[in-house]
Amino acid sequence: MDYPGNLFVVSAPSGAGKSSLVKALLELDSHVQPSVSHTTRAPRGQEKHGREYFFVSEQEFDAMVAANGFVEWANVHGRRYGTSRKAIEERVALGADVVLEIDYQGALQIKQAFVNAVLIFILPPSWEELRSRLERRGEDAADVIDLRLKNAEEEMAQAGKFDFVIINEVFERALFDLKTIVHAQRLKYAAQRRARADTFESLNIP
Ligand SMILES: Nc1nc2c(ncn2[C@@H]2O[C@H](COP(=O)(O)OP(=O)(O)O)[C@@H](O)[C@H]2O)c(=O)[nH]1
Ligand SMILES: Nc1ncnc2c1ncn2[C@@H]1O[C@H](COP(=O)(O)OP(=O)(O)O)[C@@H](O)[C@H]1O
């Protein structure tokens, strides 16, 4: 499907810094809007229902799956996460750029449904740094951190399937890379749409 808005998908192993990077991008670029996912995991400290996630029960999640309410969903670290159709379709149809922070399984499902979606993978500079970021964040219990690090290996092996890979070592540099990808993509699709419009005009097709 082709929409006037662009879809950006950002994936990373837990702790690599994707939420911080996406948050900084949203503050800098008012044309980009976040997609708020649904999850069956419990909220962390400061998280609010409807802001970071819609926190729902297993039954509510089942009902949305049955109603075909998700464009993609996946099991991640033992919990379910999904992107509702409503979270993106209306907005890209109106020309907004939407950014999704989702795992690699969801990212690959999105690429099937939206061929023009841009997939971006964030890598940490090292294993040691990934662990210490998860510990410094101080939001997850030790066993949760261990599970996330164990899953990181499989997740990082998927980086090659993405359109772009950013190494988040120096934060400002990684943010610059992310902004550049967003701007370049906007220009690319704007140019493509213009070229298509010119072709229709020259052929006299309304
Ligand atoms: N497939 C899919 N993955 C999601 C969605 N929302 C969040 N995730 C992923 O679920 C994983 C866990 O997210 P979260 O519990 O917020 O932990 P964090 O990544 O450590 O901040 C991350 O890889 C997210 O990108 C979604 O709607 N769909
Ligand atoms: N480039 C960076 N250098 C040092 N710490 C970082 C960097 N990027 C993010 N962090 C920190 O690492 C932790 C994990 O970042 P977060 O954005 O929550 O990761 P994710 O959303 O990928 O799980 C947070 O405490 C964040 O402040």
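UniProt positions are given here in the numbering of this structure, and its annotations may be inferred rather than shown by experiment. With that understood, the unreviewed UniProt entry places the feature "domain: Guanylate kinase-like" at residues 5-183. The model described here is a predicted one. Over residues 5-183 the chain is 44% helix and 23% strand, and the C-alpha atoms at the two ends of this stretch are 13 Å apart.

A useful place to enter the structure is strand E1, which spans residues 7-11. Five of the five residues of E1 are buried, so the strand is largely enclosed by the rest of the structure. The burial extends to both faces of E1: Leu7, Val9 and Ser11 lie on one side, while Phe8 and Val10 lie on the other. E1 runs parallel to strand E7 (residues 97-101), to which four bridges join it. Within this pairing, Leu7 stands opposite Val98 of E7. E1 also pairs with E8 in the parallel sense, again over four bridges, and Phe8 has Val118 in E8 as its bridge partner.

Strands E1 and E8 reappear when one turns to helix H7, since they are among the elements covering its buried residues. Helix H7 comprises the 32 residues 171-202 and reaches 47 Å from its first C-alpha to its last, close to the 46 Å expected at 1.5 Å a residue. The buried residues of this helix are Ala174, Leu178, Val182 and Gln185. Their cover also includes H1, strand E2 (32-34) and strand E9 (164-167). After H7 comes Asn204, whose phi is positive, near 65°.

Two ligands remain to be placed. Ligand 1 is surrounded by 19 residues, of which Ser14, Ser37, Tyr81, Ile102 and Gly106 are the closest. Strand E5 (70-76), strand E6 (79-84) and helix H4 (104-113) are the elements that each give two or more residues to this shell. E5 contributes the most, with four residues. By character, the shell around ligand 1 divides into five nonpolar, ten polar and four charged residues.

Around ligand 2 there are 13 residues, and those that come nearest are Gly17, Ser19, Ser20, Arg133 and Phe171. Here helix H1 (18-28) and helix H5 (127-137) each supply at least two residues of the shell. H1 thus appears in two settings, as part of the shell around ligand 2 and as part of the cover over the buried residues of H7. The shell around ligand 2 divides into three nonpolar, six polar and four charged residues.

Technical notes:
Residues numbered from 1 in each chain as written. Chains lettered and ligands numbered in written order. Predicted model: local features only at pLDDT ≥ 70, side-chain atom pairs only at ≥ 80, totals over all residues. Near = placed C-beta within 6 Å. Nonpolar A, V, L, I, M, F, W, Y, C, P; charged D, E, K, R; others polar. Expected span 1.5 Å × (residues − 1). Buried ≥ 20, exposed ≤ 12 C-beta atoms within 10 Å, placed from the backbone. Contact = placed C-beta atoms within 7 Å. Pairing = 2+ DSSP bridges.
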